[in-house]
Amino acid sequence: RLRLAIEKAKEANLPKDKVKDAINRGCGLVEGVTYDEMTYEGYGAGGVAFLINCLTDNRSRTVAEIRHAFNKHKGNLGAEGSVSYLFDHCCQFFLNESKDKEEELLELLIEKGISEVKPLQDIGIELVGEADAYTDIKETLLINGYKIEFSEVVMLAKVPIAVTAEDLANIEKLKIVLESLDDVQNVFTNADI
């Protein structure tokens, strides 16, 4: 997870000293500051499940902000475990490759932890695999000359649900509000958008 966080920081051109400071804070090396990882769960408009990963130094403030966001946008903050069962923790890759590479990629990565290789509608291929296999899969792709457009460790919905246009507007507003909160790291939903 640390390697992935450092990779993201480099992609965002974050200065090395800022990265080092963040690592020190996260490891508890800065006196008086401790951070907790929290996952909040809830339901938005139309019964869409939300999973929110946070890193906070004040649990009370964070839960109050998240609860307020849910209440304002026709949602409800749920208890632990209320929606997490609807998601799979996995890694996801997008490659700008033609659809005929699907079988080749499956053969190359099946032993590395890939569970799904599927062509995208327009152009490209999506790969989904075990979260723990992220580094192995990425290295194998790069060694074999594939260009990765996007890669991430995510929580993917097991069964995405369709939503109405009205509910979709509320869901998108709620997601934007949640993502704008300082302590929120990731927001995942099972809405089929």
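Helices (H or I, at least four residues) and strands (E, at least two) are DSSP runs here, numbered from the N terminus. With that in hand, Phe-87 can be placed in strand S4. This is a predicted model, in which local features need pLDDT of at least 70 and side-chain atom pairs count only at pLDDT 80 or more, while totals for chains, interfaces and linings use all residues. Residues are numbered from 1 along each chain as its sequence is written, and side-chain values use heavy atoms, with hydrogens and water left out.

Let's start with the overall picture. The protein has six helices and eight strands, and walking along the sequence you meet them in the pattern α-α-β-β-α-β-β-α-β-β-α-β-α-β. Put a box around the C-alpha atoms along the principal axes and you get roughly 50 × 45 × 25 Å. Of the 193 residues, 35% are buried. Buried here means under 20% relative accessible area, exposed means over 50%, and partly exposed is in between (1.4 Å probe, protein chains only). The areas themselves come from the Shrake-Rupley method with a 1.4 Å probe, and for residues only the protein chains shown count as cover.

Back to Phe-87, then. Phe-87 counts as buried because its relative accessibility is 4%. Its C-alpha sits 9.5 Å from that of Pro-160, although the two residues are 73 apart in sequence.

Next, the aromatic rings. A pair of aromatic rings is described by the distance of the centres and the angle of the planes. Rings of Phe, Tyr and Trp (its six-membered ring) pair up if their centres lie within 6.5 Å; planes under 30 degrees apart make a stacked pair, over 60 an edge-to-face one, and the rest are tilted. Searching the whole structure turns up three aromatic pairs. One of them is Phe-50 with Phe-70: the ring centres are 5.8 Å apart and the planes stand at 85 degrees, so this pair is edge-to-face. Phe-50 belongs to strand S2 (residues 49–56) and Phe-70 to helix H3 (residues 59–72), so the pair ties together parts that are 20 residues apart in sequence. Are these two rings buried or exposed? Phe-50 is buried because its relative accessibility is 0%, and Phe-70 is buried at 0% as well.

Another of the pairs is Phe-94 with Phe-150. Their ring centres are 5.9 Å apart, but the planes make an angle of 40 degrees, so the pair is tilted. This pair links distant parts of the chain, with Phe-94 in strand S4 (residues 87–95) and Phe-150 in strand S7 (residues 148–157), 56 residues apart. Phe-94 has 23% relative accessibility, so it counts as partly exposed; Phe-150, at 38%, is partly exposed too.

On to the charges. A salt bridge is a side-chain nitrogen of Lys or Arg within 4 Å of a carboxyl oxygen of Asp or Glu, and the structure holds eight of them. Take Arg-61 and Asp-183, whose closest N and O atoms are 2.5 Å apart. Arg-61 is in helix H3, while Asp-183 is in the loop between helix H6 (165–180) and strand S8 (184–189), so this bridge ties together parts 122 residues apart in sequence. Arg-61 is partly exposed at 32%, whereas Asp-183 is buried at 7%.

Helix H6 also has a part in the bridge from Lys-74 to Glu-166: Lys-74 lies in the loop between H3 and strand S3 (76–78) and Glu-166 in H6, so parts 92 residues apart in sequence are tied together. The closest N and O atoms in this bridge are 3.9 Å apart. Lys-74 is exposed at 55%, and so is Glu-166 at 56%.

Lys-118 and Glu-126 make another bridge, at 3.7 Å from N to O. Lys-118 is partly exposed at 33%, but Glu-126 is buried at 9%. Salt bridges with shared partners also join Asp-57, Arg-61 and Asp-183 into one network.

What about charges on the surface? Asp-100, Glu-103, Glu-104 and Glu-107 form a negative patch. Patches are made of residues with over 30% relative accessible area and no salt bridge, with like charges joined within 9 Å and nonpolar side chains (Val, Leu, Ile, Met, Phe, Trp, Tyr) within 5 Å. Lys and Arg count as positive and Asp and Glu as negative, leaving out His and the chain ends; each charge is placed at NZ of Lys, CZ of Arg, CG of Asp or CD of Glu. Glu-107 sits in helix H4 (residues 102–109) and is exposed, with a relative accessible area of 62%.
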